[in-house]
Amino acid sequence: MKNRNGILVQAKHLTKHYEVKRWMSLITGKNIIRAVDGLNFSILRGETLGLVGESGCGKSTTGRLLLGLEAPTSGEIIFDGENILHCGRNALRQLKRKMQVIFQDPFSSLNPRMKIGSTIEWVFKNFDLYSREERRRRAAQLLEMVGLDSKSMNRYPHEFSGGQRQRIGIARALALQPKFIVADEPVSSLDVSIQAQILNLLKDLQNELGLTYLFITHDLRIVKHVSDRIAVMYLGKIVELAKSDSLYESPKHPYTQKLIEAVPFPDPGIELNRKGVLITGELPSPLNPPSGCRFRTRCEQLDPICSREEPLLKETGENHFVACHHV
């Protein structure tokens, strides 16, 4: 049983809008991209919150906002009891030691001209931590913690496989002993057999170190097995948020239902006889999202109220929240 003592991360009315270039606004008639549009959610200490949705829905932007890598247009981000948007420069720098990220592409996130030992040691050097010998020793310990031989510290990233490079990225993320890690599609570029190894490693590290994860992915098969709760995102909004088992056993939002129905069945015989599931229509542009419910242009349950009023994220059962007029 995980030890959860309250909320570690909380987003309140979190919004991120981007201004588009003038030439684009002349073509579209719009000048604001609504990447993230008023998110409200929290992440408990020691849990994994899965964030799932189609490409372009705002998942990665949400992760960057929580880490303080981008400034929100409006809203609040509370981390470990502190509003990171109100922190001074030095206080924010120290706060960011508790937050780290694991990137999607392990190769592009590593400096190809730096040996992996130096890559990890640089993290300590950046915060002026430890002596040179101690940095070396701790870097070796971190590599062993993620299943790599410490003797490989003098090798370059191109000398490792994709799975090994992701382990290096994980070791770097753990260097400052963070409390919170944003894992942004951490296994999507890896082979299926390697994906399972990395996911198991992340779970083991969470149990051992008491880590809290925001796990961003578009793969519903993966997010089910790694997440305690899952938030489903559509066009900058969270449309459903529930415990993992509850979401899969009883999805409430039409979008969530379609996503889960589209997940391939593991039995080939059953999968061949299944009726194909498609979400009709194209994903609207965040430059010009639909009025009311943003999913209404692709929903089979469309009613007049769907275009007039935006549904609020409301609790429909125990810790199960849905933004839909029909629920």
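This is a guided tour of a predicted model, stop by stop.

**Stop 1: the sheet**

Start with the strands. Eight of them form an open sheet, and the pairing is mixed. Read the order across as E6-E7-E8-E3-E9-E10-E12-E11. Now select residues 99–102 and 314–317. These are the edge strands, E6 and E11, and each pairs on one side only. Look along the sheet for its twist, which averages 25° from one strand to the next.

Stay with the sheet and select 237–243 together with 320–322. These are strands E10 and E12, paired in the antiparallel sense over two bridges. Which residue of E12 does Leu241 stand opposite? Show the side chains: Phe321 is the one.

**Stop 2: two helices on the sheet**

Select 59–66. This is helix H2, which packs on the sheet. Helix H2 touches five strands: E3 (48–52), E6, E7 (180–184), E8 (212–217) and E9 (229–234). Its direction makes about 155° with that of E8.

Next select 192–209, helix H7. This helix also packs on the sheet, touching E3, E6 and E8. The angle between the directions of H7 and E8 is about 160°.

Go back to H2 and pick Thr61, which lies in that helix. Is Thr61 buried or exposed? Its relative accessibility is 9%, so Thr61 counts as buried. Leave aside neighbours within four places in sequence, and its contacts are Lys16, Tyr18, Ala35 and Val36. Display those four side chains with Thr61.

**Stop 3: helix H6**

Select 162–174, the 13 residues of helix H6. Put a distance between the end C-alpha atoms: they are 19 Å apart. At 1.5 Å a residue the helix should span 18 Å, which agrees.

Now colour by accessibility. Of the 13 residues, 11 are buried, so H6 is largely enclosed by the rest of the structure. The buried set includes the arginines Arg165, Arg167 and Arg172. Gly163, Gln166 and Gly169 are also among them, as are Ile168, Ile170 and Leu174.

What do the buried residues of H6 pack against? Show strands E6 and E7, then helices H4 (116–126), H5 (132–145) and H7.

**Stop 4: Tyr130 and its surroundings**

From H4 and H5, move to the loop between them, where Tyr130 is found. Check its backbone: phi is near 70°, a positive value in a residue other than glycine. Tyr130 counts as partly exposed, at 34% relative accessibility.

Add Phe124. This residue is buried, with a relative accessible area of 1%. Why is the pair of Phe124 and Tyr130 edge-to-face? The ring centres are 5.3 Å apart and the planes stand at 70°; the cut-off for edge-to-face is over 60 degrees, so the pair qualifies.

Add Arg138 as well. Arg138 lies over the face of Tyr130, at 4.0 Å from the ring centre.

For another charge over a ring, select Arg155 and Phe160. The charged end of Arg155 sits 4.2 Å from the centre of the Phe160 ring.

**Stop 5: an aromatic cluster and helix H10**

The count of aromatic pairs in the model comes to five. Select Tyr234, Tyr255 and Phe295: ring pairs link these residues into a cluster.

Tyr255 is one of the buried residues of helix H10. Extend the selection to 254–261 to see this helix. Six of its eight residues are buried, so H10 is largely enclosed by the rest of the structure. Besides Tyr255, the buried residues are Pro254, Thr256, Lys258, Leu259 and Ile260. Their cover includes helix H8 (220–226), helix H9 (244–249) and strands E9 and E10.

**Stop 6: strands E4 and E5**

Finish at the loop between strand E4 (74–79) and strand E5 (82–83), where Asp80 lies. Asp80 is not a glycine, yet its phi is positive, about 55°.

Step on to Glu82 in strand E5. Glu82 is partly exposed, with a relative accessible area of 38%. Not counting residues up to four places away in sequence, Glu82 touches Ile77, Cys87 and Leu95.

For a last distance, pick the C-alpha atoms of Glu82 and Cys293. The two residues are 211 apart along the chain, and these atoms are separated by 33 Å.

Note on methods. Residues are numbered from 1 along each chain as its sequence is written. This is a predicted model: local features need pLDDT of at least 70, side-chain atom pairs count only at pLDDT 80 or more; totals for chains, interfaces and linings use all residues. Side-chain values use heavy atoms; hydrogens and water are left out. Two strands pair if DSSP finds at least two bridges between them. Helices (H or I, at least four residues) and strands (E, at least two) are DSSP runs, numbered from the N terminus. Axes are lines fitted to C-alpha atoms, for helices over the stretch in contact, and angles run from 0 to 180 degrees between N-to-C directions. Contact means heavy atoms within 4.5 Å. Rings of Phe, Tyr and Trp (its six-membered ring) pair if their centres lie within 6.5 Å; planes under 30 degrees apart count as stacked, over 60 as edge-to-face and the rest as tilted. Buried means under 20% relative accessible area, exposed over 50%, partly exposed in between (1.4 Å probe, protein chains only). A charge sits over a ring if NZ of Lys or CZ of Arg is within 6 Å of the ring centre and within 35 degrees of the ring normal. The expected span of a helix is 1.5 Å times one less than its number of residues.
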